[in-house]
Structures are given as C-alpha cells and as structure tokens.
Amino acid sequence: MEPNATVVILAAGSGTRMKSRKAKVLHEAGGLALVEHVVRAALTVAAPGHIVVVTGHQADQVEDLLQGRGLRFARQTEQNGTGHALEACRDAVPEHEGLLIVLYGDCPLLRASTLASLVRQHNLARATATVITTEVPNPTGYGRCILDEDNCVRAIVEEKVATAEQKAVRVINSGIYCFDAATLWQKLGEIVPNPVSGEYYLTDIVEILNASGHKVHSLLHGDYGELLGINTKVELSEADGILRRRKNTDLMLAGAVIRRPETVSIDVDVTVGIDTIIDPFCQLTGSTTIGENCHIGAGAILSDTRIDDDVEIAPYTIIGRSVVETGASIGPFARLRMDNHVGAGSHIGNFVELKKTRFGKGVKAGHLAYLGDSEIGAGTNIGAGTITCNYDGSKKHRTVIGEGAFIGSNSTLVAPLEVGGTAYIAAGSVITETVPEGALGIGRGRQSNKEGWVEKRKSAPATSSRPADGQ
C-alpha cells in the first residue's frame with residue numbers, strides 16, 4: 001500500500017451500450033459487481049478513507065453496494081465528461097498532496113500487480129503524470145497515445161479527430177493515470193469543454209501538462225485485455241469468463257483438483273482446500289468455503305455455504321447458505337435451501353430437502369423427505385417419505401426430534417411437535433402430539449381386510465358403478 005496515495009474511481013456513467021436499466025458498474029462478473037473488483041484493486045494501493053468513488057447514474061444503489069467499507073463518495077449530478085467527474089470529487093478527496101490515481105468503475109480485470117507497477121514507475125521517474133498505455137490489434141474507437149522519442153505521451157487523440165497517420169497508431173490510452181496530486185488539482189481547471197460534445201475530457205490534461213513543461217510518462221502494459229472497460233453485455237460475458245478462468249487456475253495451483261475446468265463456474269471469493277475434487281459443471285458461488293479432501297459431484301450448485309473437510313457432495317445437489325460438517329455426505333439430487341446445519345458424519349440422500357433445519361452428528365435421511373424448521377438429534381434415522389408439516393397457512397412452526405430416534409417411512413410430523421430421544425414413530429403415521437422419550441408413536445387408521453371382496457366385485461352386474469368401500 002502506498003501511504004500517500006489517493007484513488008478516485010469514476011463510476012457515474014449509465015452505460016447506454018449495455019442496453020440495461022441497471023447502471024453499468026452494478027453488472028456482475030465473476031460473482032461481484034464491476035465496481036467491486038475495481039475497489040478491491042484500489043485497496044491494494046490506498047487506505048479505504050483515501051478511495052473516492054464518483055457516482056451519478058443510480059448513485060444510491062452504487063453507494064449502498066459499497067457501504068461499510070470506509071470509502072468516500074462524491075456525486076456527479078450531470079455527466080459532463082471525465083474531467084468534470086474528477087472536478088466533482090475535489091472536495092471529497094482527503095489530500096491534495098501526494099499521488100492521485102484515477103481508475104474506472106467498469107474495468108474489473110485490472111490486477112493489483114499492475115497498479116503496483118504504475119505507482120513504482122511513477123515514483124522512480126519522479127513524474128508529474130504517468131498513464132498506462134497498451135497496444136491493441138485493432139485500435140478503432142480508442143484514444144491514440146502520441147509518444148515522443150523518450151516514450152512520453154505528447155497527446156491523446158480521440159478517434160473522431162485523429163488524422164490518418166494518427167489512426168494508424170496502435171498504442172491506446174487505458175484511462176488509468178497516476179498524477180502528482182498538487183499539480184493535477186492546480187491544472188484541472190484549465191480543461192475546457194470539447195467543441196463538439198461540450199464535455200470536459202480528462203485526456204486533455206496531457207497536453208495541458210506538456211504545455212507547462214511537465215512530462216507525461218507512459219507505462220506500456222503487455223496485456224491489453226486486462227485494461228479494457230466493459231461496454232456491452234458481450235464484453236461483460238467475456239470478462240466473466242476471464243475472471244473465472246483466473247480463479248480456477250489459482251485454485252488448482254493451490255492444490256484443488258478441477259476436472260474439466262472449462263465447465264466449472266467459481267466465484268472469486270470462493271475458497272477450496274487441497275485435494276478436494278470438483279467434478280464438471282459445478283457452480284460454487286458467493287462466499288462458499290470448501291475444506292480439504294472433499295468431493296463435489298458433477299452439476300452440484302453451492303452458494304454461500306461452508307463445507308468442512310472430508311465431505312461428499314454427490315451429483316446435482318443444491319445447497320444454499322448452509323453448513324456441512326466433517327465427514328457428511330449429501331445427495332445426489334438433494335436440496336438444502338437455506339440456513340441448515342448438517343452435523344459431522346450425517347447422511348442426506350437423494351431427493352431430500354432441508355430448510356432451516358439442524359442435523360446432529362450422524363443423522364440419516366436416506367431419501368424422499370422434506371424436513372423444514374426442524375432440530376434433529378444425533379443418531380436419528382429419518383425414513384423415506386417423512387414430512388415435517390411446518391406451515392399452518394399463516395405461520396411456520398418447529399419440529400424437535402431428540403437423539404437416537406427412529407422415524408418410520410411415510411411419517412407426517414405436524415408442527416409444532418416434539419419427539420423425544422430414542423422414540424419410534426411407526427411407518428405411515430400422522431403425528432400431531434408430543435411423543436415421549438423412548439415411546440412408540442402410532443398415528444394411523446386400523447387395517448381391516450374384507451374377505452371375498454374381489455370375487456364379489458368381479459361378479460357384480462356390468463352396469464354397476466365401482467362398489468363403495470367395504471362392499
């Protein structure tokens with residue numbers, strides 16, 4: 001981190017080319033909004049209180065997203081160009097000395113190492129300004145950087161006013177600058193409106209500084225893709241893919257196994273322990289953390305979930321906002337909707353759904369069950385087809401099952417309900433009242449057999465309707 005650096009992130013534009021009702025910087029890539037990626041890069045060179053985000057279009061939403069991080073905000077109420085945006089934050093900037101770095105809120109691929117290189121070169125050269133430049137195969141649409149023999153930037157020429165010779169230049173402006181702050185604030189007022197658009201362009205500061213004897217240094221960056229802003233949803237998709245490829249690579253280098261990584265989608269904040277295997281077509285999103293030596297089966301979707309060590313997640317299992325302790329196994333085709341806690345060594349089988357349910361250690365629910373708003377004690381066995389009836393039409397109610405209980409298949413547990421430890425529930429029961437510890441709960445009609453019923457039915461007149469029950 002640079003102790004005397006301030007970062008300004010320009011994030012006021014609407015992004016009309018995105019064809020969206022949502023501000024461009026709020027669109028997501030890699031599991032975070034575009035502007036969040038930029039803020040994270042900025043935090044590697046400046047303290048939170050020295051980062052100013054300039055907002056405009058949908059300012060409230062952008063600021064709400066970034067609240068709680070110690071950042072400063074300034075509003076550009078009218079979008080009159082990048083120079084005007086920087087002027088709009090003059091009073092919000094805590095220091096007018098030291099370094100001032102300008103970033104854009106729609107550049108999510110910018111690496112912290114690139115910012116570090118920018119600051120390092122700027123300081124070594126004792127420059128007034130340094131701009132990151134890059135060479136692109138097709139510079140159409142970008143501002144061309146006109147360099148002198150010392151590789152300094154003499155001017156930045158926009159496409160629409162460039163000469164044929166200037167259009168042939170493939171070195172373009174990334175829009176990322178590092179300035180001597182005192183000089184910048186002194187000279188910023190000299191920018192005049194563009195005669196065509198009427199906007200104030202920050203690129204004009206290059207010629208203003210050159211005219212007053214200050215050299216503008218260039219840092220030529222080899223990876224142009226890292227520096228480009230997102231203007232369309234096609235570019236958004238491409239950036240998302242790059243971020244996810246980076247993430248997969250980092251995880252594999254750190255010891256995870258990702259089979260067919262081109263099919264696996266992992267958000268940037270996900271962590272995965274060594275020797276964990278992630279099969280094809282998995283999605284790991286949000287703040288998900290996975291321990292060591294786990295196996296995440298094909299097509300599994302995990303969101304904001306903690307998976308401890310040695311856990312088996314079978315294929316096509318969906319888990320959201322839950323905790324799974326060591327040695328548990330879940331799936332295939334299981335769903336843990338939200339706020340669940342699965343104890344160590346527990347087993348949840350196929351087509352079992354949990355919602356706001358806590359399993360103790362070693363609980364088993366093998367298949368075809370719904371367990372909502374429940375607390376289930378250690379060692380309990382849940383039979384196939386068991387349902388907790390947690391909703392009475394207006395309120396949710398809890399079911400509490402003690403340790404070592406046995407819930408027979410096709411049991412219906414009507415909450416609020418308590419089943420004591422080591423109790424048994426007979427298969428096919430509807431249980432509406434407390435079952436004491438160690439008791440057998442039976443809640444079903446008594447079976448009766450009607451001898452000869454089939455022959456009577458066969459011999460009935462053809463015109464007769466289906467016989468009534470018991471006849």
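Biologist: Which strand does L220 lie in?
Modeller: Keep in mind that this is a predicted model. The run to look at covers residues 216-221. L220 lies in that run, which is strand 11.

Biologist: And which residues does L220 touch, leaving out those up to four places away in sequence?
Modeller: Take contact as heavy atoms within 4.5 Å. With the sequence neighbours set aside, the L220 list reads T133, T134, E135 and V171.

Biologist: What separates the C-alpha atoms of L220 and N151?
Modeller: Along the chain, L220 and N151 are 69 residues apart. In space, their C-alpha atoms are separated by 9.2 Å.

Biologist: Let's move to strand 4 and strand 5: do they run parallel or antiparallel, and how many bridges join them?
Modeller: Strand 4 spans residues 51-55 and strand 5 spans residues 72-75. Within the pair, V53 stands opposite F73. The two strands run parallel, and the number of bridges joining them is 4.

Biologist: What hand does the β-α-β unit of strand 4, helix 2 and strand 5 have?
Modeller: The helix in this unit is helix 2, residues 59-66. Together with strand 4 and strand 5, helix 2 makes a unit that is right-handed.

Biologist: Why are the buried residues of helix 2 on the same side?
Modeller: Helix 2 buries A59, V62, E63 and L66. An α-helix has 3.6 residues a turn, so residues three or four places apart point the same way. Those buried residues of helix 2 sit on the same side because they cover an arc of only 95° around the axis.

Biologist: What do those buried residues of helix 2 pack against?
Modeller: One partner is a helix, residues 34-42, and the others are strands. Put together, they pack against helix 1, strand 4 and strand 5.

Key. Residues numbered from 1 in each chain as written. Predicted model: local features only at pLDDT ≥ 70, side-chain atom pairs only at ≥ 80, totals over all residues. Heavy atoms only, no water. Pairing = 2+ DSSP bridges. Right-handed = clockwise from strand over helix to strand, strands pointing away. Buried < 20%, exposed > 50% of the residue type's maximum accessible area, 1.4 Å probe, protein only. Arc of directions from axis to C-beta.
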